[in-house]
Each structure stands twice: as structure tokens, then as C-alpha cells.
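This report walks through selected local features of one protein model, taking up a loop, two helices, the nonpolar cores and a pocket in turn.

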Amino acid sequence: MLRPSNASVPCDQSGVARAVAALRAGGLVGLPTETVYGLAADARNNAAVKRVFTAKGRPADHPLIVHIADISDLHEWAKDIPAYAHALAERLWPGPLTLVLPARDDTSRLLTGGQDTIALRLPAHPAAQEVIRQTGALAAPSANRFGRVSPTSAQAVVAELAEVLDDADVVLDGGDCSIGIESTIVDCTSARPRILRPGFYAEELINDVAGIAGVPVSAPSDLPRVSGSLPGHYAPSTQVTVVQPDDFAGMDGARLEHALVLTTEDVAVPSPAAHVMKAQDALDFARILYAALRRADELGVQEVLVTTPPAVGIGVAIIDRITRAVHGSAHMNP
Ligand code: TXA
Ligand code: MG
């Protein structure tokens with residue numbers, strides 16, 4: 001149990017030093033990144049990596065992302081790296097991009113969930129980079145319990161995991177995540193890139209930088225094992241319902257009163273609505289989406305009423321996460 005007095009530490013020199021010491025001692029660290037917070041362990045310490053699975057309640061066959069500090073570290077974990085994967089790394093790292101590559105024979109299959117491929121990412125958050133530089137590669141899934149909403153603030157990490165962390169573990173407070181949804185995952189194990197999870201970097205950009213037409217984004221049933229691709233993932237306990245902007249005007253007042261509304265600034269929401277969050281644009285929408293889902297659970301409202309942005313750019317990823325939240329929350333509220 002993480003004591004409340006110890007809940008999170010500021011991202012200054014002493015906070016980073018505590019995080020580094022915890023990781024070197026085999027502990028876990030709630031790590032800020034530009035996408036979402038990760039739950040990090042030394043990627044070369046099997047006991048620490050096993051604790052990540054236990055803390056999250058994550059099945060052992062769901063692979064982790066290994067976070068590295070330098071592009072050249074790719075070769076420590078992956079082999080047979082295609083030229084287009086190098087191009088993606090050179091242009092889009094550091095940043096919200098994860099590359100799935102053939103794993104080296106000596107790469108721990110604990111990290112890969114038993115598969116012969118490894119997911120690698122070089123995050124842009126300066127504190128994450130500093131910690132990785134000092135400790136070496138870190139295995140870090142999103143810092144939420146399995147199937148739940150990824151945390152985008154240190155407070156959300158503490159709320160999610162305080163009970164399963166020890167006092168020797170550290171949550172590093174790097175502020176609110178600037179992107180707010182998880183990295184774009186690109187499978188680079190074939191002749192053409194294939195997006196496994198949409199994110200901030202859209203399909204057109206990935207194909208453009210790769211210099212090859214990618215495999216078009218496929219139906220969920222075709223995807224290899226990506227835990228975030230389970231239909232009910234990224235879900236709050238509160239029921240999530242997608243509505244059209246025009247629906248609010250005719251909506252029952254009591255329904256609005258007991259809901260959290262998440263929409264954009266141009267949408268008029270009638271006054272009975274007690275809890276309204278409005279995004280300025282699609283980027284802002286991504287930034288506040290998970291905080292809104294968490295807030296709904298904290299408030300104990302009956303429903304999240306959400307409108308979706310257009311399916312372009314980051315909008316594709318937002319719609320993906322909202323769709324999964326709808327499925328997951330429906331499962332919890334049969
Ligand atoms: O933005 C992010 O990617 C965040 C931050 C913390 O870096 N991390 C994150 O990790 O979202 P996680 O574990 O919650 O999601 C990683 C996804 C999972 O869906 C996992 O199945 C997939 O990456 N993945 C990992 N290794 C893979 C592999 N070898 N092949 C296919 N998918 C893989
Ligand atoms: Mg996750």
C-alpha cells in the first residue's frame with residue numbers, strides 16, 4: 001500500500017532520483033509520458049516485470065511496451081528491422097509511436113507475452129527520458145488496472161494503484177499528459193506497416209513517413225493479440241453513451257441532470273445538465289477524454305453522454321477509445 005503522504009513526488013531532481021533508485025531496487029514507478037502514465041519496471045529484471053502484471057491484474061500473455069532512451073537501443077531488443085521502421089523511428093521519435101518488431105532471441109519472452117515480437121517506444125516526456133537514461137530500458141504498460149481507463153495524471157495513477165503499490169514504489173508527478181490517449185502502435189514485422197492501435201499519429205502520416213502504403217486498418221477480429229484491442233477496454237464503471245449534438249435539445253431534463261456530458265464548444269447543452277466538459281478541438285478532446293471518464297465514476301453519475309469528433313486525424317483514435325469504453329461499460333452495466 002502506498003501511504004497517502006507518499007502518494008506522488010514532484011518531477012524535480014530529487015523526485016527523479018527517487019524514481020531511479022526505486023527502479024534499480026526492483027520497484028515500480030508511475031511514470032509520466034506525453035500519452036498516458038505508465039507503470040514502469042526495469043525491463044531486464046524479471047521479478048520486477050512480473051510485479052507489473054500482478055499489480056495491473058494483467059494476463060501474462062499480454063505483451064508490454066519496452067521504453068528506450070535512444071533510437072540505437074532498438075538493436076538491443078529487436079532484429080531484422082525493416083528500413084521503413086527506421087524511417088518511422090527517425091522522424092517520429094521521441095513521440096507517441098510504438099513499433100512492433102521481430103524480437104531478438106535473447107529478449108525475454110516475459111516482456112513479449114510469449115510472442116516472438118517486441119513493442120518498443122521512445123517517449124517524448126523529458127522526465128521519462130531522464131529516468132530511462134539513468135536506469136536503462138523500462139517495461140511500462142499504462143498505469144491502470146487491466147481493462148480500465150488509462151491514467152493521464154499522477155493523481156489518477158494513485159487512485160488506480162495505491163492499494164497494490166508498496167511504499168518503496170514511486171509515482172512521479174509530471175503533470176497532466178499533453179496528448180491524453182495511448183501511442184499509435186505500428187506492426188513492422190512484415191513488408192508493409194500495419195496500424196494495430198490508432199493514436200495521435202494518423203494512418204496517412206505513418207504511411208507517408210514509412211514511404212510505403214500500409215496495410216489498411218483491419219477489423220478488430222483480424223488483429224493479433226493487442227490487449228487494448230479487446231472490444232471492452234479503456235472502460236469506466238459508468239455507462240458511456242454516444243449521442244449526436246442535436247440530441248441534447250430534446251433530451252429529458254432528469255437524464256441530463258444525472259449525466260456527465262463530454263462534447264465540443266460549438267455544441268449547446270441545455271441547463272439541466274449539471275456536469276458538462278467541453279473540448280476546444282480534437283486535440284483537446286483527446287487530452288480530457290480519460291479525465292472525463294474518471295470524473296464520471298468519481299461523481300457517481302448515471303451516464304456519460306459523449307459526442308464524437310470527425311473521423312480524421314486524432315479523431316480516429318478518439319472514436320476507437322470511445323467505442324471501447326461504450327462496450328466495456330455496457331458489460332459492467334448489463
Ligand atoms: O502510449 C502508450 O503506449 C502507453 C505509455 C505508457 O507508453 N503504454 C501503453 O501500454 O499503452 P499498454 O501496455 O497499456 O498497451 C500496449 C499495447 C497493448 O495493447 C499490447 O497488447 C500491445 O501494446 N503490444 C505490446 N507488445 C506487442 C506485440 N509484440 N505485438 C502486438 N501488440 C503488442
Ligand atoms: Mg493499457
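## A glycine in a loop

Gly 174 touches Cys 11, Pro 32, Tyr 37 and His 125, when residues up to four places away in sequence are not counted. The model is a predicted one, and in it Gly 174 sits in the loop between β8 (170–173) and β9. With a relative accessible area of 24%, Gly 174 is partly exposed, since the class of partly exposed residues lies between the limits of 20% and 50%. From Gly 174 to Ala 291 the C-alpha to C-alpha distance is 16 Å, while the two residues are 117 residues apart in sequence.

## Helix α4 and the loops on either side

In the loop between α3 and α4 lies Asp 80, a residue other than glycine whose phi is nevertheless positive, near 50°. The relative accessibility of Asp 80 is 60%, so this residue counts as exposed, the cut-off being over 50%.

The buried residues of α4 are Tyr 84, Ala 85, Leu 88, Ala 89 and Leu 92. Because these buried residues fall within an arc of 145° when seen down the axis of α4, they line one face of the helix. The face of α4 turned away from that buried side carries Ala 83, Glu 90 and Arg 91, which are exposed. Among the elements that cover the buried residues of α4 are α3 (74–77), β5, β9 and α7. In the loop between α4 and β5 is Pro 94, and the peptide bond that leads from Trp 93 to Pro 94 is cis, with omega near -10°.

## Helix α7

In helix α7, which spans residues 203–210, the buried residues are Ile 206, Val 209 and Ala 210. Viewed down the axis of α7, the buried residues fall within an arc of 100°, so they too line one face of the helix. Glu 204 and Asp 208, by contrast, are exposed on the other side of α7. The cover over the buried residues of α7 includes α4 (83–92), β5 (97–102), β9 (184–187) and β10 (194–197). Just after α7, Gly 211 takes a positive phi of about 75°.

## Two nonpolar cores

The largest nonpolar core has 52 residues, of which Leu 88, Trp 93 and Leu 120 touch the most other members. At least two residues of this core come from each of β3 (38–42), α2 (46–56), α3, α4, β5, β6 (117–121), α6 and α7. If residues up to four places away in sequence are left out, the contacts of Trp 93 are Ile 68, Ile 71, Leu 74, Leu 88, Leu 99, Leu 120, Arg 121 and Leu 122. Apart from the largest core lies another core, of 26 residues, which includes Phe 285, Ile 288, Val 301 and Val 304.

## The second largest pocket

Rolling a probe the size of a water molecule over the atoms shows where empty space is left. The second largest pocket has a volume of about 370 Å³, and its lining is made up of 20 residues, with Ser 153, Ala 156, Ala 291, Arg 294 and Glu 298 lying nearest its centre.

Which helices each supply at least two residues of the lining of this second largest pocket? They are α6 (154–161) and α9 (282–299), and α9 gives the most, with eight residues. By residue class, the lining of the second largest pocket divides into nine nonpolar, three polar and eight charged residues.

How values were computed
Residues numbered from 1 in each chain as written. Chains lettered and ligands numbered in written order. Predicted model: local features only at pLDDT ≥ 70, side-chain atom pairs only at ≥ 80, totals over all residues. Heavy atoms only, no water. 1 Å grid on protein atoms, 1.4 Å probe; cavity = no way out; pocket = protein on both sides within 12 Å on 5 of 7 lines; lining within 4 Å. Points joined across faces, edges and corners; volume = space filled by probe spheres on them. Helix = DSSP H or I, 4+ residues; strand = E, 2+ residues; numbered from the N terminus. Nonpolar A, V, L, I, M, F, W, Y, C, P; charged D, E, K, R; others polar. Buried < 20%, exposed > 50% of the residue type's maximum accessible area, 1.4 Å probe, protein only. Arc of directions from axis to C-beta. Contact = heavy atoms within 4.5 Å. Core = buried A, V, L, I, M, F, W, Y, C linked by side-chain atoms within 4.5 Å.
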